Amino acid sequence: MLINGVPTEALSARDRGLAYGDGHFTTMQVLAGRVVWWPDHLARLQHASARLGFAEQPWDRLAEEVAQLATGQTQAVVKVVLTRGSGGRGYDGADCQSPTRIVSLAEYPAHYLGWQQSGIELLVCQQRLGDAPMLAGLKTLGRLEQVLLKSELAARGKVEGIVLNSRGFLVEGVSTNLFWRRGKTVFTPDLSHGGVDGIMRRRVMMMLKQMGIELRVVEAPLESLWQAEEVWLTNTLMGVVPVNGIGDHLYPSPVLIRRLQERLVIEV
């Protein structure tokens with residue numbers, strides 16, 4: 001782990017990431033010593049920093065630190081956390097001019113490879129996400145809703161679940177983005193009111209366009225999934241994962257999913 005370029009795990013207790021969740025992050029897959037889609041992740045970090053009004057970051061230095069941890073790794077995970085830094089009075093962080101950057105290395109979750117081939121079963125989470133349009137699309141540090149949702153999954157014996165917002169519309173998985181196909185059209189939830197606009201979500205949307213497949217970004221109720229022929233989840237670590245079923249609703253034919261997985265191997 002590197003904090004502002006220094007090998008340490010010590011962070012100031014005054015850091016606003018700890019006090020207020022005043023920060024954002026991205027999680028990246030490393031293959032053969034390089035970060036997959038680093039330009040996309042860097043653009044995400046830059047976009048979130050601008051949206052949150054952070055002071056300018058030494059992006060070249062961050063790229064060097066990411067490369068330093070990725071070098072020599074066959075398959076691993078590198079995570080970048082950026083906070084506004086330390087200082088400010090209460091919620092007011094306008095005077096913070098030195099953002100904190102944390103770059104860490106972890107093992108790749110090998111079970112994701114099995115999920116890609118065998119698929120997983122989902123439940124519908126009882127807890128719901130609140131609308132947060134000011135932060136919509138961003139991967140911010142304030143993930144307490146996801147912490148509670150993950151606890152629900154553990155209590156109910158599942159590894160992932162579908163999450164609705166307080167208005168009853170589909171948003172995402174607990175740690176994934178959501179897609180489904182009905183006929184010749186693919187759908188994914190509108191995230192303008194909340195949810196994380198994932199790197200893999202954008203990649204899949206781009207692949208669908210290249211394949212000439214219609215994609216609709218929609219506000220849709222849960223019942224839309226009961227009419228679907230295929231359902232899948234995405235994130236940068238697990239790639240494209242088929243959903244075998246949600247309760248009594250089964251999805252036995254991942255035809256488009258397999259095509260996306262094949263294209264993804266070529267792109268990576």
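Start by selecting helix α3, residues 59-70, in this predicted model. Its buried residues pack against a broad set of elements: strands β1 (2-3), β3 (23-31), β4 (34-35), β5 (75-83) and β6 (100-107), together with helix α2 (38-52). To see which residues these are, show the side chains of Trp59, Leu62, Glu65, Val66, Leu69 and Ala70, which are buried in α3. Now look down the axis of α3: the buried residues fall within an arc of 135°, so they line one face of the helix. There is a simple reason for such a pattern. An α-helix has 3.6 residues a turn, so residues three or four places apart point the same way.

Turn to the other side of α3 and pick out Asp60, Glu64 and Gln68, which are exposed. How far apart are the end C-alpha atoms of α3? They are 16 Å apart, which agrees with the 16 Å that 12 residues should span at 1.5 Å a residue. After the helix comes Gly72, with a positive phi near 85°.

**Next stop: the loop before α3**

Select Gln57, which sits in the loop between α2 and α3. Is Gln57 buried or exposed? Its relative accessibility is 4%, so Gln57 counts as buried. Show what lies around Gln57 and you will find contacts with Leu82, Pro99 and Arg101, leaving aside neighbours within four places in sequence.

**On to Asn4**

Now select Asn4, in the loop between β1 and β2 (6-7). Not counting residues up to four places away in sequence, Asn4 touches Glu65, Pro99, Thr100 and Arg101. Glu65 is one of the buried residues of α3 you have just seen. With a relative accessibility of 36%, Asn4 itself counts as partly exposed. Check the backbone here too: phi of Asn4 is near 50°, a positive value in a residue other than glycine. For a sense of scale, draw a distance from the C-alpha of Asn4 to that of Ala220; the two are 216 residues apart along the chain and separated by 42 Å.

**A second positive phi: Trp37**

Move to Trp37, in the loop between β4 and α2. Phi of Trp37 is near 60°, and this is again a positive value in a residue other than glycine. Trp37 has a relative accessibility of 10%, so Trp37 counts as buried.

**Arg16 and its surroundings**

Select Arg16 in helix α1, residues 16-20. Arginine carries a charge, so where does Arg16 stand, buried or exposed? At 3% relative accessibility, Arg16 counts as buried. Show the residues that Arg16 touches, not counting those up to four places away in sequence: Gly21, Asp22, Arg84, Gly85, Gly87, Gly88, Gly90, Tyr91, Asp92, Gly93 and Cys96.

**Helix α5 and Leu153**

Gly90 gives you a handy link to the next stop. Go from Gly90 to Leu153, 63 residues apart in sequence and 35 Å apart in space, C-alpha to C-alpha. Leu153 is in helix α5, residues 144-156, and counts as buried because its relative accessibility is 1%. Beyond residues up to four places away in sequence, Leu153 touches Leu123, Cys125, Lys158, Val159, Glu160, Gly161 and Val174.

Now show the whole of α5. Buried here are Gln146, Leu149, Glu152 and Leu153. Seen down the axis of α5, these buried residues fall within an arc of 115°, so they line one face of the helix. What covers them includes β7 (120-124), β8 (161-164) and β9 (170-173). On the face turned away from the buried side, look for the exposed residues Leu144, Ala154 and Ala155. The end C-alpha atoms of α5 are 19 Å apart, which agrees with the 18 Å that its 13 residues should span at 1.5 Å a residue. Just after α5, Gly157 takes a positive phi of about 75°.

**Last stop: two crossing helices**

Finish by selecting α6 (residues 199-210) and α8 (residues 255-267), whose axes come within 11 Å and cross at roughly 105°. That crossing angle makes α6 roughly perpendicular to α8. To see the contact, show Met200, Arg203, Val204, Met206, Met207, Leu208 and Gln210 on α6, and Leu256, Leu260, Arg263, Leu264 and Glu267 on α8. Which kinds of residue make up this contact? They divide into 8 nonpolar, 1 polar and 3 charged.

Definitions and conventions:
Residues numbered from 1 in each chain as written. Predicted model: local features only at pLDDT ≥ 70, side-chain atom pairs only at ≥ 80, totals over all residues. Heavy atoms only, no water. Axes fitted to C-alpha atoms, helices over the stretch in contact; angles between N-to-C directions. Helix = DSSP H or I, 4+ residues; strand = E, 2+ residues; numbered from the N terminus. Parallel < 35°, antiparallel > 145°, perpendicular 65-115°, else oblique. Contact = heavy atoms within 4.5 Å. Nonpolar A, V, L, I, M, F, W, Y, C, P; charged D, E, K, R; others polar. Buried < 20%, exposed > 50% of the residue type's maximum accessible area, 1.4 Å probe, protein only. Expected span 1.5 Å × (residues − 1). Arc of directions from axis to C-beta.
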